[in-house]
Amino acid sequence: APDWMDDDAPKPWEVDPDAPPPSIGKPSADNMLGFRCSDVGNGNRLVSVYGENLRHVASIGWMVWNGKHWERDERGAITESAKATIARFRTQAEKFASRAEDKETKDAAQKLVGFASASESSARIRAMIEMACSDPSVARTVDSLDSHPYLFNVDNGTVDLRTGKLRAHSRDRKSTRLNSSH
């Protein structure tokens, strides 16, 4: 059993006021309550939900996966993803608060709801996005993009020019171009 379960040991949230109570569980896209209540925690929330379809390159900015290739985010997808993440976090926090029974859990739940509400501000949304930029699962270098010289990305897949074999589109190939057959 974790040492905080001993009656004499301090609870994690007594040592670290931002640590969630143990009933919240491990942080994930399905459990946003477990992340820290900070801009860094919000950045982690964003990446946990949308990171698979987001990349950040310092010299380019945010890129989004469109199902066929990575493209520059020119329509605000990162901001919409951040807003949706906070809405999801707030819903989870409110649900947790509605089920809280003891005072300690109710207090922790209300703090989560308050932080989730405050996170809806434009300044907190911008900070969340800024913190997500450097997350190792989304941060890339410009040199890593389009780095496979024998792969040709077309509308119905990616052609390996060495073999002529057509493969399904893949985020992992880091293609940023789609060549038209017209």
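On a 1 Å grid over the protein atoms alone, a pocket is an open set of points where a 1.4 Å probe fits, with protein on both sides within 12 Å along at least five of seven lines. The model here is predicted, so local features need pLDDT of at least 70 and side-chain atom pairs pLDDT 80 or more, while totals for chains, interfaces and linings use all residues. Residues are numbered from 1 along each chain as its sequence is written, and side-chain values use heavy atoms, leaving out hydrogens and water.

Let's start with the second largest pocket, whose volume (the space filled by probe spheres set on the points) is about 170 Å³. Among the residues lining this pocket (an atom within 4 Å of a point) are D146, H148, F152, R173 and N179. The lining counts three nonpolar, five polar and three charged residues.

Now for the sheet. Strands β5, β6 and β7 (DSSP runs of E, at least two residues, numbered from the N terminus) form an open antiparallel sheet in that order. Because β5 (151–154) and β7 (166–167) are at the edges with a single partner strand each, one side of each has no neighbour in the sheet. Strands pair if DSSP finds at least two bridges between them; β6 (residues 157–160) and β7 are joined by two, and T158 has R167 as its bridge partner in β7.

Finally, the backbone. Most residues other than glycine have a negative phi. D146, in the loop between β4 (139–140) and β5, has a positive phi near 45°. K174, in the segment after β7, also has a positive phi, about 60°. D146 is partly exposed (from 20% to 50% relative accessible area, 1.4 Å probe, protein chains only), at 28%, and K174 is partly exposed at 26%.

Key: Nonpolar A, V, L, I, M, F, W, Y, C, P; charged D, E, K, R; others polar. Helix = DSSP H or I, 4+ residues; strand = E, 2+ residues; numbered from the N terminus.
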